[in-house]
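Pull up the model and turn it around for a moment. Where would you start looking for its nonpolar core, and what might the inside leave empty?

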Amino acid sequence: MKQAEATFGQAAQDLIVRVAQAYFDVLAAQDTLALVQAQKAAISEQLAQAKRNFEVGTATITDTHEAQARFDLSAAQEIAAQSDLETKRRTLQQIAGKEYAVLRPLRRKSS
């Protein structure tokens, strides 16, 4: 009887750890996606500037191509981050047995 209780207790603790890890993985993936999207927006502005500079003759086509390549890379990183977030959400859903539309982030420590 005591062994069964201990086994059950251990299984409950393992589940808590798995849920917590999956929850934090989703939060981290959300942060990563937000960062990648902010970087993409900044790179988009740089690309627009490079195109304008090329049109007025103050930049080379190479500058424009390099800016386009950075933008394309950031777009690929955004897709990868979205995919990672979706994977992490599905993992949490499988462990918890329900889908969460929104997760609460951790509260910031007030000073």
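We'll walk along one helix, then go to the core and the cavity.

Keep in mind that this is a predicted model. Start with α2, which covers 61–96. This helix has 36 residues and runs 52 Å from its first C-alpha to its last, close to the 52 Å expected at 1.5 Å a residue. Just after α2 comes Gly-97, with a positive phi near 80°.

Which residues of α2 are buried? They are Thr-64, Ala-67, Ser-74, Glu-78, Ala-81, Leu-85, Arg-89, Leu-92 and Ile-95. Look at the spacing as you read them off. An α-helix has 3.6 residues a turn, so residues three or four places apart point the same way. Part of the cover over the buried residues of α2 comes from α1.

Now for the core. The largest nonpolar core is made of 11 residues, including Ala-81, Leu-85, Leu-92 and Ile-95, along with Ala-22, Val-26, Leu-33 and Leu-103. Two elements, α1 (2–56) and α2, each give it two or more residues, and α1 has the largest share with six. Val-26 is a handy place to zoom in: setting aside neighbours within four places in sequence, it touches Leu-85, Lys-88, Arg-89, Leu-92 and Leu-103.

Val-26 also helps line the largest cavity, together with Arg-89, Arg-90, Leu-92, Gln-93, Lys-98, Glu-99, Tyr-100 and Leu-103. How much space does that cavity hold? About 50 Å³. The count of cavities of 30 Å³ or more is one. α2 gives the most to the lining, four residues, and by class the lining is a mix of four nonpolar, one polar and four charged residues.

Note on methods
Residues numbered from 1 in each chain as written. Predicted model: local features only at pLDDT ≥ 70, side-chain atom pairs only at ≥ 80, totals over all residues. Heavy atoms only, no water. Core = buried A, V, L, I, M, F, W, Y, C linked by side-chain atoms within 4.5 Å. Buried < 20%, exposed > 50% of the residue type's maximum accessible area, 1.4 Å probe, protein only. Contact = heavy atoms within 4.5 Å. 1 Å grid on protein atoms, 1.4 Å probe; cavity = no way out; pocket = protein on both sides within 12 Å on 5 of 7 lines; lining within 4 Å. Points joined across faces, edges and corners; volume = space filled by probe spheres on them. Nonpolar A, V, L, I, M, F, W, Y, C, P; charged D, E, K, R; others polar. Expected span 1.5 Å × (residues − 1).
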